[in-house]
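Work through these three exercises with the model open. Try each task before you read its solution.

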Amino acid sequence: MSGRHDHPHEEHQPRQDGRSHPQATVGPGGWQSAVDSGTSGPHGRPGEVSGPHGADGQSGPRAVSGGPSGPDPAQPRGGQQQSPPAVHDLSSAQLLQQVKRPPQSGWRRAIYVASGRTINPGESEADVQRRELIARINQSLHGCYKIAMLSLKGGVGKTTTTTTLGSTFASLRGDRVIAVDANPDRGTLSQKIPLETTATVRHLLRDASRIRKYSDIRSYTSQGPSRLEILASEQDPAVSEAYSEDDYRRTVDLLEHFYNIVLTDCGTGLMHSAMKGVLDNADSLVIVSSGSIDGARSASATLDWLDAHGYRELVGRSVAVINSVRPRAGKVDLDRVGAHFAARCRAVCRIPFDEHLEEGAEIDLDRLGAPARLAALELAATVADEFPHAVSRSGAR
Ligand SMILES: Nc1ncnc2c1ncn2[C@@H]1O[C@H](COP(=O)(O)OP(=O)(O)OP(=O)(O)O)[C@@H](O)[C@H]1O
Ligand SMILES: [Mg+2]
């Protein structure tokens, strides 16, 4: 893994929402993340009382005044005991009425809107699930988290999944997300969002010494409606063959100054020139498999290869994705395929067949069907569950 940078050129400080980092979370895998003590960090909220004293500022039974040693000088003379109002009394939680969250979808939403927002039936289970997924997706992140998207087999949906995952992060998080095309042969990542530039990674590397600010790098990327940016690969196969491990490392060294999440859409196969750089730099992998038997075998072989080449720990942090590139699974038992990957990876997610994804053109999250949209949220939340662990790994480096 490369060392993390202090981001000397960074003009943008991501995550300026005042959230404290990292929060106490227990992911679905039962991992306990690092915990900030409630009020010790820079974001400790004034007015929050912690420690042995209760909310009323008392630590035990009150001292009885007027005992043998005379009246307590701290008490107002001759009157009732009056404790000064605690700062806590003015905390937002005390002063704001608890408002039921408005529903986001379905008949509940219809009633809420039709009644001019006077009747609030509350959130549905789906709303709550969505809100919780979004909270997981927004877990705080220090530095730059690098995700490599790979599979041994072609056409299983790496590029589609890269764009869907990256767009989901970009649309919901406040920070910057970029997807890099590391395909050795004419990658299609740049076809998944409207192109703003014909510049490629090759141009960026050529001009690397001139990149100082985010606006400098932005002229080499295209940005989709979700805010996901894409750095295209060289489209001339003869040239792109020369995209080496060192080129990839230089690319990531540049990107990590300006982006919080870097997804790399790897080419098919593990032997191409940039792959060692991709794997050595990755915080986690997303291994994409189709729902077919040959697809699952290839994905499993990918894991074998990674295990055998010193990336066992990385595999343990990885998420397997079973992507349905066909409308029906046929006779393949996807639960068993999932169980196979669950034994080897941190988590398994499924992306259903989706008519908009099938088009193979630009991806617009708003055009995804509800199941694929939910799947994208679940995948992003699952990947984000590892974010707090990247902090401890970078601390250990
Ligand atoms: N979830 C899905 N639902 C429907 N169709 C899909 C889905 N995922 C992928 N596809 C279809 O599969 C095609 C291939 O997907 P994609 O280009 O993402 O695969 P890939 O693994 O990147 O391929 P390559 O190895 O050539 O880079 C897409 O153009 C699209 O038509
Ligand atoms: Mg591809």
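**Exercise 1: Two packed helices**

Task: find how the axes of helix 4 and helix 14 (residues 370-384) cross, and which residues meet.

Solution. Start with the axes. In this predicted model, those of helix 4 and helix 14 come within 9 Å and cross at roughly 75°. Angles from 65 to 115 degrees count as roughly perpendicular. The two helices are therefore roughly perpendicular to each other. Next, list the contact. Helix 4 brings Thr164, Leu165, Thr168 and Phe169; helix 14 brings Ala376, Leu377, Leu379, Ala380 and Val383. Finally, sort these residues by class: 7 are nonpolar, 2 polar and none charged.

**Exercise 2: The sheet**

Task: trace the strand order and find the edges.

Solution. The open sheet has 8 strands, ordered 3-4-2-5-1-6-7-8, with mixed pairing. Strand 3 (222-223) and strand 8 (347-351) each have a single partner strand, so one side of each lacks a neighbour in the sheet. Now look at one pair. Strand 1 (residues 145-150) and strand 6 (residues 284-290) run parallel over 4 bridges. Ala148 has Leu285 in strand 6 as its bridge partner. Then add a helix. Helix 12 (residues 334-342) packs on the sheet and touches strand 7 and strand 8. Its direction makes about 145° with that of strand 8.

**Exercise 3: The ligand shell**

Task: which helix gives the most residues to the shell around ligand 1?

Solution. Count first: 18 residues surround ligand 1. The closest are Gly154, Gly157, Thr159, Thr160 and Gly360. Helix 4 (158-172) and helix 13 (355-358) each supply at least two shell residues. Helix 4 gives the most, with 3. By class, the shell holds 5 nonpolar, 10 polar and 3 charged residues.

Terms used:
Residues numbered from 1 in each chain as written. Chains lettered and ligands numbered in written order. Predicted model: local features only at pLDDT ≥ 70, side-chain atom pairs only at ≥ 80, totals over all residues. Near = placed C-beta within 6 Å. Nonpolar A, V, L, I, M, F, W, Y, C, P; charged D, E, K, R; others polar. Axes fitted to C-alpha atoms, helices over the stretch in contact; angles between N-to-C directions. Parallel < 35°, antiparallel > 145°, perpendicular 65-115°, else oblique. Contact = placed C-beta atoms within 7 Å. Pairing = 2+ DSSP bridges.
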